[in-house]
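My notebook is open and I am working through this one a topic at a time. I start with a few cysteines and go on from there.

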Amino acid sequence: EIIQRPKNTLHFIRLHAPWPLLCRYAEELNLRAPIQAHPNPSGNWSEWMLSKLRLPNVMFEEVPNKPLDYYTCPFKTSKVDKFLGSEDPNSFFSRAQRSRMVWEILATAPFGKEKKGEVGVERLVDEGAFSAAFPLHDGRFEHPGDETPENLLNTRQILSHYWAAWGKWYKYQPLDHIREYFGEKIAIYFAWLGFYTGWLLPAAVVGVLVFLYGVLTMNHNTIALETCNNGDQFTMCPLCEECDYWKLSDICLYKKIAYLFDHPGTVFYAIFMSFWAVTFLEYWKRKSASLAHHWDCMGFQEEEERPRPDFAAKAPYLEKNPITGISLVLIFILAVIIYRTLVSIPLFQNETLRPMAQVIASMSGAMVNLILIMSLGRVYEKLALRLTTWEMHRTQSEFDDNLTFKVFIFQFINFYSSIFYIAFFKGRFVGYPGHYKHIFGNLRNEDCSNGGCLIELAQQLAVIMVGKQMINNAQEVLIPKMKAWWHHRKSSLQEIGESQMERDYKLVENEGLFQEYLEMVLQFGFITIFVAAFPLAPFFALLNNWVEIRLDAQKFVCETRRAVAERAENIGIWFKILDMLAQFAVITNAFLIAFTSEFIPKLVYKYEHNWNMRGYVNFTLATSPAEGWMDVNRTECRYRAFRDTRGTFTPMHWKILALKLAFVIIFEHIVFGVCRLIDLVVPDIPESLDIKIKRERFLAKEALQEAEHVLQKVLTDHHDDSDRRDSSDPDSPLLRRRN
């Protein structure tokens, strides 16, 4: 449907492609057509497992009008009678396929000088010649009522009732219906999202168990008990220039909470999640291959891509420097550091608030950081778009891949930089009493609390991850409604009728899958890169994704115009990004356990001093040096470090540092080795699928060989007739030689 609106008058142009044109473009686009029904349609592994165990499957639901599965082969106009359903041209191609072919015609039709990029309907829409161009929905999405038989529902109503409804959150997604209605590209996204959500379930269960282990053993933690019972014996050095001395027992509760995120179970969970991430990606490759074959996209290559219209048009003359954008992140991180430091000063000076001072400063700082992150998100996306446009990529796929990678890099820095700071830099460059390091004059560098930086990291992760999910879900509910309201207001849409094309025009434009993928990939980073610090991350991700699937389903089915059906074999460059995150997570978790948690110091103390960990608190505390601190009539105090009374590092510091580095190397080699073994053991294509592919090739050859045989016989007969005519021609070379 193309909408033209000159001088406030709305004109709808409805396009239809005749059968010969559809056949021509089906062949050009290398579409596949059915040759024989498949006797064993693809199933779900959990459905198969539950049936073998004879257990009821509450996730299964019979969805009406399920598309049939076929053996297929590339469509050929000359052999159209060999394909199933070719006797009915009106239903042979699905509506999604027809809209894809019509869109191909519109997208490649020149309307001016091709050298200037004056090609395609999208350019005309951008320039205002048309208001919009989109395929029509199949009808209303509302269920007509119980009196209507289920098999008479249109596909949109089926998707709305059996997929987008909130009550279906625990049901299998009707992926074949989604593919038939929206095309493979959108269907593969929902297949991946559902697969990822299913795999989050075991990760979430193990994460909750690890967290519960910390809760149940918290009151038996010797280190926390020593801090609470004997903490009055330790006078701690002031945490800022204006702060007072304080007792270690002041952070009794804080020390107990810190144990929830720093106990032996978190080390096990980090290893478990490293294996989980790699195994998940390996099995997704298998699932993706099965879906690609099932949906006739295996081996699909983009048809010979035309140059992007903008490639031949013009390039921007002035672009924003990307270093400027990245520097904003660093400025905001520094601002949050200063904020936390300034807030903690009055809190530590107040005896009532002192025990919770660092918690309040850290949590409020995380909230400020979240606001800054969400504000910068759209800025970075626009910056990445301008930079990618400036690079002038020739084809759309090159443009999309480069834009995707740039946005991911910007958002990676945006969301994870403050977390990396807390995990690996905070408290590393503080100095010691009498020789503290400062920023901006008398403002002392931030130090980790005596509970360690891991608890602050967990707070930051919880606020940013959960807060981001809540904001994104609220945006997905509110923004389409606000856009629709504004669209109605500025266009006076209440004045137009209620035909399908008019109803669809009132809907919001479909913006594609980019934001959906980006949101999930960033979430994948949260649950893998820093999972050692926040075992509950997969659990919150699971809850979010149950909501996310329904929100996305409602958006595509009910709230936006129908997207043009596009083919896709897999999730594209997003898989490479996920794989990169999974590999990076192994390294990050190794350093997190070794350098941010107290796993190695505790291990050393347990094996060299006391197996029951009594005296560990005193073991980790150094005494303020006489020189530089006591010289100015200050009280002797303790601080967290492995230094002697002169402020120099002790041999124990270097021993623990060496063990930390050794742990990182051993951890990485073991995990990467096992992951490589998983990669070798799990084939990318299931054996059953390989058999299906061979069977399909055989059937295609068998079904079409008769036509090829007839064609070969015609050509042979034609060649023989030509030879006979040539031999009877007096001017023929054969006759001349005989003469």
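**Entry 1: cysteines.** I looked up Cys23 to begin with, and at 3% relative accessibility it counts as buried. Next I checked Cys297, which is also buried, with a relative accessibility of 1%. A note to self before going further: this is a predicted model.

**Entry 2: disulfides.** How many disulfides does a search of the whole structure find? I get 2. I wrote down the general point as a reminder: a disulfide is a covalent bond between the sulfur atoms of two cysteines.

One of them is formed by Cys228 and Cys252, with the sulfur atoms 1.8 Å apart. The two cysteines sit in separate helices: Cys228 is in helix α9 (residues 222-230) and Cys252 is in helix α10 (residues 252-259). That puts them 24 residues apart, and the pair links distant parts of the chain. I also looked at the handedness of the Cys228 and Cys252 link, which is right-handed, with 90° about the S-S bond.

Are these two cysteines buried or exposed? Cys228 has a relative accessible area of 21%, so I put it down as partly exposed. Cys252 comes to 18% relative accessibility, so it counts as buried. The cut-off for buried is under 20%, which is why the two get separate labels.

The other entry on my list is Cys237 with Cys637, S to S 1.9 Å. Where do these two lie? Cys237 is in the loop between β6 (235-236) and β7 (246-247), while Cys637 is in the loop between β12 (621-623) and β13 (638-640). Their parts of the chain are 400 residues apart in sequence, so this pair ties together quite separate stretches. The torsion about the S-S bond of Cys237 and Cys637 is about 90°, so I noted this disulfide as right-handed. Both Cys237 and Cys637 are buried.

**Entry 3: salt bridges.** Again I put the general point first: side chains of opposite charge can pair when their charged atoms come close. My count for the protein is 19 salt bridges. I followed up a few.

Glu61 pairs with Lys168, and their closest N and O atoms are 2.8 Å apart. Glu61 is in the loop between α2 and β4 (70-74), and Lys168 is in the loop between α6 (155-162) and α7 (175-182), so the bridge ties together parts 107 residues apart in sequence. Glu61 is partly exposed, at a relative accessible area of 24%. Lys168 is buried, at 14%.

Arg123 forms a salt bridge with Glu127, where the closest N and O atoms are 2.9 Å apart. With a relative accessible area of 15%, Arg123 is buried. Glu127 has 49% relative accessibility and counts as partly exposed. The cut-off for exposed is over 50%, so Glu127 does not make that label.

I then turned to Lys255 and Glu598, whose closest N and O atoms are 4.0 Å apart. Lys255 is in helix α10, and Glu598 is in the loop between α20 (573-596) and α21 (599-608), so this bridge ties together parts 343 residues apart in sequence. Helix α10 was already in my notes as the place of Cys252. Lys255 is buried at 11% relative accessible area, and Glu598 is buried at 8% relative accessibility.

Last under this heading, I found Glu282, Lys285, Arg676 and Asp679 linked in a network of salt bridges.

**Entry 4: the UniProt annotation.** Which residues does the "transmembrane region" annotation cover? The unreviewed UniProt entry gives 186-216, 266-284, 323-343, 355-376, 403-424, 520-543 and 571-595. I compared two of these spans with the model. Residues 186-216 are 100% helix and 0% strand, and their end C-alpha atoms are 44 Å apart. Residues 266-284 also come out as 100% helix and 0% strand, with the end C-alpha atoms 26 Å apart.

**Entry 5: a surface patch.** I looked for nonpolar surface and noted a patch of about 590 Å², made by Trp45, Trp48, Met49, Leu53 and Leu55. Trp45 belongs to helix α2 (residues 45-52). It is exposed, at 56% relative accessibility.

**Entry 6: the whole protein.** I tallied 25 helices and 13 strands. Of the 739 residues, 49% count as buried. The accessible surface is about 37000 Å², and 59% of it belongs to carbon and sulfur atoms. Among contacts between residues at least 6 apart in sequence, 76% join residues at least 24 apart.

Definitions and conventions
Residues are numbered from 1 along each chain as its sequence is written. This is a predicted model: local features need pLDDT of at least 70, side-chain atom pairs count only at pLDDT 80 or more; totals for chains, interfaces and linings use all residues. Side-chain values use heavy atoms; hydrogens and water are left out. Patches are made of residues with over 30% relative accessible area and no salt bridge: like charges are joined within 9 Å, nonpolar side chains (Val, Leu, Ile, Met, Phe, Trp, Tyr) within 5 Å. Accessible areas come from the Shrake-Rupley method with a 1.4 Å probe; for residues, only the protein chains shown count as cover. A salt bridge is a side-chain nitrogen of Lys or Arg within 4 Å of a carboxyl oxygen of Asp or Glu. Helices (H or I, at least four residues) and strands (E, at least two) are DSSP runs, numbered from the N terminus. Buried means under 20% relative accessible area, exposed over 50%, partly exposed in between (1.4 Å probe, protein chains only). UniProt positions are given in the numbering used here, feature names are shortened, and annotations may be inferred rather than shown by experiment. Contact means heavy atoms within 4.5 Å. A disulfide is a pair of cysteine sulfur atoms within 2.5 Å.
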